[in-house]
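Dear colleague,

I am handing over the structure we spoke of, and I would be glad if you could look through it alongside the notes below.

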Amino acid sequence: MSRLGTLGIVMCGVLVLLISRLWFLQLEEGPSFRERSERNRLRFQRVPAPRGKLYDRMGRTLVDNLPSFNVVFRPEYIPDLDQTVSELARHLPNIQVVPTEGPFLPDPRRPVDAGIVVARDVDWSTVLAVEFSHHDFPGVSIEARSKRAYHMDNLAAHLLGYVGEVSQRELDQSAGYRHGDIVGKFGIEKIWDDALRGRNGGRQIEVDASGKHLAIIEELPSQSGHSLVLTIDIDLQKQAEDALGGRPGAVVVLDVSNGEVLALASAPTFDPHVFSLGISAKAWRALRDDPLHPMTNRAIQGQYPPASTFKIISALAALAEGVVTPDTRAYCPGYMQMGRRRVRCWRERGHGSVDLRRALAESCDVYFYKLSRRLGIQAIATYARLFGLDEPLGIGLPYEAGGIIPDQGWKQRQIGEPWYRGETVSAVIGQGYVTATPLQMAAVAAAVANGGTVYRPRVVKQVIATDGAVVKTQTPEVVSRTGIDVEYLRVITEGMIEVVHEVHGTGRRAQVADVRVAGKTGTAQVISGRGGSSQQVARHLRDHAWFVAFAPADVPKIAVACLLEHAAHGGGRVAAPVVQKVLAAYFSLVRQRKEEAGVRPAADHPF
């Protein structure tokens, strides 16, 4: 073959190869290349929806949103990550960019073009510096978001809760979340997250090779979340928290007519803002390891022996079962002999001869010891359960606990042992295995006040759309109707009034000017048989102090329960004054608002 022929064959071969490659690139790989090209030119940016606001029952804003700016990395546009971090640190000393390994690892679950937030809530000078230095830092940008603003700082923190970035577990559990979403983590923010977070929008943005925005191609606006009107009155909430004075404990205030929570205080507390911007590991460890457990909502999670406040239940059970009448008397020498065991009254010298009302007023233990012999543990447990003391009441907040109401079956199931008669002596005065939360004891006081109905406690009144339309109104819900004769409730109320207003009453420090208060003290022993409580004893061994009340006693409006943890003194000495301050604040607010509204003081309360 001639040299010219050979050259022609080679050229034809090369031509076939070129055509084949061109065909492969155009037809086989064409769609993929077009997609990659579009991805480099177009970027999808999510537009988070503003969260709904939280208001108190008077319409005052408790929580809303403020603008915030984050520094965001998009690794696909950053040619050298380490160099970019180093250069940013040198040019922008005001921010700390800490790209730990985790966030920058390839993650197939992270949406394409979803940025990684490396600095939150930066100041305006940093925003300008990043924007003007765009060409020096390809793949680094500023994104505007909103941050949660808790206008009352720490006030009602356990109730309102806090928000944070969605976790991997939350992503796995809900199809409605995406990486980077801000979701409710605690309190109302968590339980009502679906209503509050709204619907995110998005933008399709044209960018250049370095990721710089050129134009918005298409935009879908976000839709704000609904707002909530809560049942609490923030003025009363502040008074309740001030009355606690930072001492570990809780105060619960309920509207006796419908179960609305007017105040729910737990101390110590925490700052919800630290979670909104991403809490550091050090700050989280400090909260987690604090021996006073500030993250625990003692009002609904704390399970304590209700002590003598439980005598309200025992007395009602005894009246309803017919084992005593209001006039049944018992003699208290300061102790009761049970075989070889001697159980003592809190008053060593005894109360002498007392009837049921006076036994309540002076909290005579011996009267109830003797009553327990006639009543038995099963009847005590039955009536306690009528008041919802063995299960969570369903307040609609996370991690609510229920109490423990023991009986023979409970002990056999839980401990595998039979019930002993001597244990009923402890149960009848709210000790031994019996526990309750402050919320539950407030509900007991409210039920005595309203004629025997246990309402489900509520913290949300209404759900409101952005245009002000009412989406949903929460209505009262009955947990149980005890069915106890109102005459028996009246007898208990009379005994509770003596607790506060008679010279021998144990709760006289709860008196409020011009208001009749019905109350009951309680001092819960932490160590059985230790007796007494003083500041010389280690804190964790000191007794808990209780006081429950409702007022006005004749036409009840509110019920209050106070628990002071390891208070070192009895309920009448330290818990009753807390309730007194809360009641005084409530009636002062009622008078003040009626005057402001020009309503006669005799009119119904304005809460």
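What follows is a short account of the cavities and of one sheet.

Please keep in mind throughout that this is a predicted model.

To begin with the enclosed space, the structure holds two cavities of 30 Å³ or more, and the largest cavity has a volume of about 60 Å³. Its lining draws at least two residues from each of three elements, namely β11 (249-255), α19 (438-450) and β17 (453-455), and among these α19 gives the most, with four residues. The lining residues include Leu254, Asp255 and Val256 as well as Ala443, Ala446, Ala447 and Asn450, with Thr453, Val454 and Tyr455 also among them. By character, the lining of the largest cavity divides into eight nonpolar residues, three polar and one charged.

Turning to the sheet, three strands form an open arrangement in the order β1-β8-β9, and their pairing is antiparallel. Because β1 (42-47) and β9 (213-220) stand at the edges with a single partner strand each, one side of each is left without a neighbour in the sheet. From one strand to the next, the twist averages 30°. As a general point, strands of a sheet pair through backbone hydrogen bonds, either parallel or antiparallel. Here, strand β8 (residues 201-207) pairs with β9 in the antiparallel sense over six bridges, and if you wish to find the register in the model, you may start from Glu206, whose bridge partner in β9 is Ala215.

With best regards

Terms used. Residues are numbered from 1 along each chain as its sequence is written. This is a predicted model: local features need pLDDT of at least 70, side-chain atom pairs count only at pLDDT 80 or more; totals for chains, interfaces and linings use all residues. Side-chain values use heavy atoms; hydrogens and water are left out. On a 1 Å grid over the protein atoms alone, a cavity is a set of points where a 1.4 Å probe fits but cannot get out, and a pocket is an open set with protein on both sides within 12 Å along at least five of seven lines; lining residues have an atom within 4 Å of a point. Grid points are joined across faces, edges and corners, and a volume is the space filled by probe spheres set on the points. Ala, Val, Leu, Ile, Met, Phe, Trp, Tyr, Cys and Pro count as nonpolar, Asp, Glu, Lys and Arg as charged, and the others, Gly among them, as polar. Two strands pair if DSSP finds at least two bridges between them. Axes are lines fitted to C-alpha atoms, for helices over the stretch in contact, and angles run from 0 to 180 degrees between N-to-C directions.
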